[in-house]
Every structure is written in C-alpha cells, then in structure tokens.
Amino acid sequence: MPSAEELKNLGDEAYRAGKIDQAIESYTSAIELDESNCILYSNRSAAYLKKGQSELALGDAEKCLKLDPDFVKGYSRKAAALQSQKKYKEAADTLKAGLAKDPENELLARELKDVAQEQKVVASNRARRASVIASQSTKKKATQADSISDYVKLTKFALEFEIAAMQAQLMIINSLAEKSDEDKLKMLFSILDKDGDGYIDARELSDGVRKNNEDFTFAESLDRAIDLVAVFDTDGDARLSLLEFQTFVEDMLENLGTTFHEFSEFLIMQMLFSEGNDAAEEMAGAIVAPVIDQEVKERGEFYGTLVDPRMLALFMLFDL
C-alpha cells in the first residue's frame, strides 16, 4: 500500500496534469493515513478551488492552519478561497495575518495586492454602472425641465456623471495591464459568477453570451448558454467550474484563431461594460432555474452520446 508521502506525490502529479478529481482522491487517501499533515490539506484545498468548490477549499485551508498556524501557504490557500467568494476584506485580513508570520513573503504580498486590485475593480464597476444610470436619469429630467436654467444645470450634472463613469472605466482598464493571464481568467470567471458560489450556471453564462451578441434576445442567449454549459460540463452538475470554464474559453478562442493572452482584456471589458440581461430577465431566469438546470443535464446526456463515432455518424446522416 502506498505511503501518505507517495500518495501526496501522486496527487501533485495529477494536479499538475490537470487531473483534479484524481488529485483530490490521492490527497484524500493520504489524509486518511496522516491526518496531522497540514500540507495535505493545503494541497487538497488548491485542488478543490480549481474545481470551483470554494467551501471545501476554505474548510481544508482552515484545517491546515489549525494544524500549523506557522505554515504560511495555508494563509494563501484560505485567502484564495475567500477571494473566490468575493469576501475581499476577509481575504485581505487572512493575507495580513500570514504576513505577520512572515513579513518578507513575496507570494502573500503579491496576493494581497491582487485582492486589493480586484476589490477596487469591482467597486469601480459598481460606481461606473451607478454613474451611467444617474446620467441617463438626469438627462431624462433635463428634457422635462421647466426652465432653460434648470435644463443647463441638469445637463451639467449628467455630463459630470458621464465623466465619473469614464474615469471608473479607465481605472479598470489600467488595472488589467498589471494582471497575469491566470488572474485575468479568474477575474472573468468571477464577473460571470454573479452569486459567488464558485460556479457559472446557464443563467449566469447567458448574460455573458448576450454581452458578446448584442442582437440576441434573452431567450436566444439562454438557449445558447444552455448548450455551452451542456457541452463543457464534464461532471453532470449543470454548471461550469473554473477548470471547465477555462476549457470553454480556450476552445472558443482557438476557434477564433487567437489566444487568451491576446484577447483577455477585450473579453473582460466586454463583460464589464456591455449591456446584458436586465433585472426582469434575471428574475425570470431565477424562477425557472430548476427547469434550466434539467435542460442542461438532458442536453449534456444527448451530446455525450455523440462522443461515440457511430452515433455522430447517424446524427450527421439524418441531420437530427
């Protein structure tokens, strides 16, 4: 029977190869043999987060730190899980606690900067959207002004809101240049993961699809999103983890003949600044969420049959 160390090494190899389920299985087996090894919990935390299972990742990171409060990487793991849940203050506090243990740790310092940047981007985008709404509202009031002086005053306010929106947008664009491709992918995932549960479902993806295709109706964007999730969901849970989302993005960009490095900033800006589903459409999607998830699973099962070359040939022959 393999030792805990041998199982850990197998898990590490599987993780590096992108075989996350296999890595989790190896780390879990290792933990069963050595429950006091904080590194095993740290590594499994990273694997859980890669799958989008932020709560499990957080639990393992906390267990790691409980076993060894001086194990600095544990603070990195916990902060990463919290950041994926958009709990920026808690993530920053965790990293600061780690830096108190090791003030010269470059990894924690860099991650603390990344958390601050992402929090600033999120806040700036909220400010931008609020400024846009305020500008539109003020312009409408200006058209109904009772006097020329009121019209001029309201028009000036509208312009000030537009300037504020553009300043927020510029700040976001400038911050993207400092991020690595991996961080940009995580940011794109975080933008689409509106409920912060560590997954992107068809309803959330439909908003992104619509931003990328402005002529799509809500129904069209939802139907397209259901198809995409069904194709790229490998574990049948009707949603995309970070790893599954990465595969989806890479496949999409390969079909476009480009790379994430070349296209990432445009994608993020499109998701942040384009108009997607409105509040009523989001509510309608939430009401029928179980139906949407079931449709994703059924289409996933159907597309799965096409993996068999014989079924694919029949599909093409009869144009099913």
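Here are a few friendly notes on this predicted model, going from the whole protein to some local spots.

1. **Overall make-up.** The protein has 16 helices and 2 strands. Taken along the principal axes, its C-alpha atoms fill a box of roughly 85 × 65 × 35 Å. Of the 320 residues in the protein, 42% are buried.

2. **Surface and contacts.** The accessible surface of the protein comes to about 17700 Å², and carbon and sulfur atoms account for 55% of that. If you take the contacts between residues at least 6 apart in sequence, 59% of them join residues at least 24 apart.

3. **Gly 11, in helix H1.** Near the start of your reading you will meet helix H1 (residues 4-16), where Gly 11 has its place. Is Gly 11 buried or exposed? Its relative accessibility is 0%, so Gly 11 counts as buried. Leaving aside residues up to four places away in sequence, Gly 11 touches Ala 23, Ser 26 and Tyr 27. Ala 47 is also worth a look: it sits 36 residues from Gly 11 along the chain, and the C-alpha atoms of the two are separated by 9.2 Å.

4. **Length of helix H15.** Helix H15 covers residues 289-305, which is 17 residues. At 1.5 Å a residue, H15 should span 24 Å, and its end C-alpha atoms are 25 Å apart, so the two values agree.

5. **The two sides of H15.** Which residues of H15 are buried? They are Ala 289, Ile 292, Val 296 and Arg 299. These residues cover an arc of only 90° around the axis, which means that they lie on the same side of H15. On the other side of H15, the exposed residues are Pro 290, Val 291 and Glu 301.

6. **What H15 packs against.** The partners of the buried H15 residues are three helices: H10 (202-212), H11 (218-232) and H14 (279-287). You may like to display these helices together with H15 when you follow the packing.

7. **A nonpolar patch on the surface.** Met 283, Ile 287, Val 288 and Val 291 form a nonpolar patch on the surface, and together they have about 420 Å² of accessible area. One of these residues, Val 291, is also among the exposed residues of H15. Another, Val 288, lies in the loop between H14 and H15. Val 288 has 36% relative accessibility, and because buried means under 20% and exposed over 50%, Val 288 counts as partly exposed.

Conventions. Residues numbered from 1 in each chain as written. Predicted model: local features only at pLDDT ≥ 70, side-chain atom pairs only at ≥ 80, totals over all residues. Heavy atoms only, no water. Helix = DSSP H or I, 4+ residues; strand = E, 2+ residues; numbered from the N terminus. Expected span 1.5 Å × (residues − 1). Buried < 20%, exposed > 50% of the residue type's maximum accessible area, 1.4 Å probe, protein only. Arc of directions from axis to C-beta. Contact = heavy atoms within 4.5 Å. Patch = residues over 30% accessible without salt bridge, like charges linked within 9 Å, V, L, I, M, F, W, Y side chains within 5 Å. Areas by Shrake-Rupley, 256 points an atom, 1.4 Å probe, with all protein chains shown as cover. Salt bridge = Lys/Arg side-chain N within 4 Å of Asp/Glu carboxyl O.
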